[in-house]
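Subject: A structure for you to look at

Hello,

Here is the structure I promised to pass on to you. Please open it alongside this email, and I will walk you through what turned up.

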Amino acid sequence: MIKIVTILQGHVNEILGINKELMRERTKACLKCDYSLKKGVYTGVCQKDKGGCGCRVKAKASLTEQVCPKGVWEGNTINYDKL
Ligand code: SF4
C-alpha cells in the first residue's frame, strides 16, 4: 500500500507538471490497459477489482520510484508486451 505522503506527492507532481514526460509515456501504456478506467484521454484509475492498485494513474505515474502492478512500466521502461 502506498503511503499518504507519497499519494500527495504524486498529486503535487501532477498539478505542477513534475516528471511530466515520464507520466506521459507511462499513461500512454495505461490507456491501452484493461485495468484502467478510461475517460477520453484521461487514464483515470487503475482498477483494484480487476487486479490493479486502485491508484489514480497520472499521479502515481509521476513518481519515479513507483511501478505498475502488472509490470507494464518501471523506471523509464515500458513493456507493451505485458498489456
Ligand atoms: S495495471 Fe499498470 S498499465 Fe494497467 S492501468 Fe494499472 S498502472 Fe496502468
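Let me begin with the contacts across the protein chain: among those with a separation of 6 or more, residues 24 or more positions apart account for 48%. Please keep in mind as you read that this is a predicted model.

The overall picture

The protein chain has 3 helices and 2 strands. Read from the N terminus, their order is α-α-α-β-β. The radius of gyration is 11 Å, close to the 12 Å that the globule rule gives for 83 residues, so the protein chain is as compact as a globular protein of that length. Taken along the principal axes, the C-alpha atoms fill a box of roughly 30 × 25 × 25 Å. Of the 83 residues, 31% are buried.

Helix α2 and its two sides

A good place to start looking is α2. Its buried residues are Met23, Arg26, Thr27, Ala29 and Cys30. Seen down the helix axis, they fall within an arc of 145 degrees, so they line one face of α2. In general, an α-helix has 3.6 residues a turn, so residues three or four places apart point the same way. What do the buried residues of α2 pack against? Their partners are α3 (57-61), β1 (73-74) and β2 (77-78). On the other side of α2 you will find Glu21 and Arg24, which are exposed.

Ala29 deserves a closer look. This residue is found in α2, which covers residues 20-30. Is Ala29 buried or exposed? Ala29 has 21 other C-beta atoms within 10 Å, and a residue counts as buried from 20 upwards, so Ala29 is buried. Setting aside neighbours within four places in sequence, Ala29 is in contact with Val72, Trp73, Ile78, Tyr80 and Leu83. With Tyr80, Ala29 makes a pair that is 51 residues apart in sequence, yet 6.8 Å apart in space from C-alpha to C-alpha.

The nonpolar core

In soluble globular proteins, nonpolar side chains tend to be buried together. Here, the largest nonpolar core has 14 residues, and the members that touch the most others are Ala29, Cys33, Cys46, Cys55, Val57 and Val72. Two elements, α2 and α3, give two or more residues to this core. Not counting residues up to four places away in sequence, Cys33 touches Lys70, Val72 and Leu83.

Around the ligand

Which residues surround the ligand? They are Ala29, Cys30, Cys33, Tyr35, Ser36, Cys46, Gly52, Val57, Cys68, Pro69, Lys70 and Val72. By class, this shell has 9 nonpolar, 2 polar and 1 charged residues. Ala29, which we met as a residue of α2, is thus listed both in the shell around the ligand and among the best-connected core members, those that touch the most others.

Helices α1 and α3

Gly10 lies in α1. With 24 other C-beta atoms within 10 Å, Gly10 is buried. Leaving out neighbours within four places in sequence, Gly10 is in contact with Ala59, Lys60, Ser62 and Leu63. Gly10 and Arg56 are 46 residues apart along the chain, and their C-alpha atoms are separated by 9.2 Å.

Lys58 has its place in α3. Although Lys is counted as charged, Lys58 is buried, with 21 other C-beta atoms within 10 Å. Between Lys58 and Asn13, which are 45 residues apart along the chain, the C-alpha separation is 9.2 Å.

Two loop residues

Asn19 lies in the loop between α1 (4-16) and α2. What is notable about the backbone of Asn19 is a positive phi of about 60 degrees, although Asn19 is not a glycine. Asn19 has 16 C-beta neighbours inside 10 Å, so this residue counts as partly exposed.

Leu37 sits in the loop between α2 and α3. Leu37 is also partly exposed, with 16 other C-beta atoms within 10 Å. Apart from residues up to four places away in sequence, Leu37 touches Gly44, Val45 and Gln47. The C-alpha atoms of Leu37 and Gly71, 34 residues apart along the chain, are separated by 18 Å.

Enjoy exploring the structure, and do write back with any questions.

Best wishes

Key:
Residues are numbered from 1 along each chain as its sequence is written. This is a predicted model: local features need pLDDT of at least 70, side-chain atom pairs count only at pLDDT 80 or more; totals for chains, interfaces and linings use all residues. A residue is near a molecule or strand if its C-beta atom, placed from the backbone, lies within 6 Å of it. Helices (H or I, at least four residues) and strands (E, at least two) are DSSP runs, numbered from the N terminus. A residue is buried if 20 or more other C-beta atoms lie within 10 Å of its own, exposed if 12 or fewer, and partly exposed in between; C-beta atoms are placed from the backbone. Two residues are in contact if their C-beta atoms, placed from the backbone, lie within 7 Å. The radius of gyration is taken over C-alpha atoms; the globule rule is 2.2 Å times the number of residues to the power 0.38. The arc is that of the directions from the helix axis to the C-beta atoms. A nonpolar core is a set of buried Ala, Val, Leu, Ile, Met, Phe, Trp, Tyr and Cys residues joined through C-beta atoms within 7 Å.
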